[in-house]
Amino acid sequence: NPPVIEEPKTNAEKIAAAGWEERQVSDEITWKYAYFTDLFSSNQSVTVFEIDLNSDNLSLAIPHVNSGFIKTSDAAWSVGAIAAINGSYFDTTNGGSTTFLKKDGTVVTQTRSGFTWYRENAGFGLDEDGNPVIIQKPSAGWSSTSHPTMLASGPMLVMNGEEIEQVDQAFTQNRHPRTAIGLTNDNKLIAVVVD
């Protein structure tokens with residue numbers, strides 16, 4: 001009898017069994033891509049950057065515009081990046097960030113009044129040495145963070161290895177293109193874009 005090949009059933013099994021396309025972008029950066037036809041009952045395009053932070057040849061940047069729009073590729077070009085993702089929320093009419101952004105110690109944007117709290121309860125930033133950090137929103141607000149560069153976003157999904165319970169709202173339940181970023185225990189930055 002021929003062996004029975006069982007198709008993955010759970011979404012986690014589908015992700016693990018995917019035929020991921022993979023390229024080494026640089027010594028520090030690996031690009032991975034998979035297209036799914038039935039992940040969470042839909043078509044999903046998933047791009048992952050795995051960045052080894054143990055290299056002295058690596059630097060991170062958070063370029064931005066105060067108004068208007070900039071393509072992710074143009075933002076990458078402006079800082080000489082070899083890999084880039086989009087991040088946080090922007091004004092779809094006028095451009096620019098709608099959440100807290102501090103760059104090199106200067107507050108560029110405060111979160112707009114009335115912005116839903118769970119959409120900006122996480123922050124990705126750079127410490128004084130340019131190392132990436134991910135933090136929860138401080139109780140005293142984003143302006144109280146000591147990190148010189150910080151971009152607020154959300155919702156936060158995982159903190160210290162623990163899954164964060166999400167509010168039961170359409171925003172957290174409905175499918176939309178999303179970007180996520182995380183840090184691993186072995187000093188890697190994982191950047192994921194799902195569309």
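A salt bridge here is a side-chain nitrogen of Lys or Arg within 4 Å of a carboxyl oxygen of Asp or Glu. The model is predicted, so local features need pLDDT of at least 70 and side-chain atom pairs count only at pLDDT 80 or more, while totals for chains, interfaces and linings use all residues. Residues are numbered from 1 along each chain as its sequence is written, and side-chain values use heavy atoms, with hydrogens and water left out.

**Exercise 1. Find the salt-bridge partner of K14 and say which parts the pair ties together.**

Step 1: Start with the total, which is 6 salt bridges by this rule.
Step 2: Look at K14. Its partner is D38, with the closest N and O atoms 3.3 Å apart.
Step 3: Place both residues. Helices (H or I, at least four residues) and strands (E, at least two) are DSSP runs, numbered from the N terminus. K14 sits in helix 1 (residues 11-17) and D38 in strand 2 (residues 29-39), so the pair ties together parts 24 residues apart in sequence.
Step 4: Check accessibility. Buried means under 20% relative accessible area, exposed over 50%, and partly exposed in between (1.4 Å probe, protein chains only). D38 comes out at 42%, partly exposed.

**Exercise 2. Work out whether K137 and E120 are buried or partly exposed.**

Step 1: These two form a salt bridge, and their closest N and O atoms are 2.5 Å apart.
Step 2: K137 is in the loop between strand 7 (132-136) and strand 8 (149-153), while E120 is in the loop between strand 5 (106-109) and strand 6 (122-126); the two are 17 residues apart.
Step 3: K137 has a relative accessible area of 36%, which makes K137 partly exposed. E120 has 4%, so E120 is buried.
Step 4: While you're on salt bridges, note that shared partners join K32, E50 and K188 into one network.

**Exercise 3. Trace the open sheet and name its edge strands.**

Step 1: Two strands pair if DSSP finds at least two bridges between them. Following the pairs gives 5 strands in the order 1-2-3-12-11, with antiparallel pairing.
Step 2: Strand 1 (21-24) and strand 11 (178-183) stand at the edges; each has a single partner strand, so one side of each is left without a neighbour in the sheet.
Step 3: Zoom in on strand 2 and strand 3 (residues 42-52), which are joined by 9 bridges and run antiparallel. There, K32 stands opposite V48 in strand 3.

**Exercise 4. Classify the ring pairs F69 with F90 and Y118 with F171.**

Step 1: Rings of Phe, Tyr and Trp (its six-membered ring) pair if their centres lie within 6.5 Å; planes under 30 degrees apart count as stacked, over 60 as edge-to-face and the rest as tilted. The count comes to 8 aromatic pairs.
Step 2: F69 and F90 have ring centres 6.2 Å apart and planes at 90 degrees, so this pair is edge-to-face. F69 is exposed at 52%, whereas F90 is partly exposed at 49%.
Step 3: For Y118 and F171, the centres are 6.1 Å apart and the planes differ by 45 degrees, which makes the pair tilted. Y118 lies in the loop between strand 5 and strand 6, F171 in helix 3 (residues 170-173), and they are 53 residues apart. Y118 is buried, at 11%.
Step 4: Put that pair in context: Y89, F115, W117, Y118 and F171 form one aromatic cluster.
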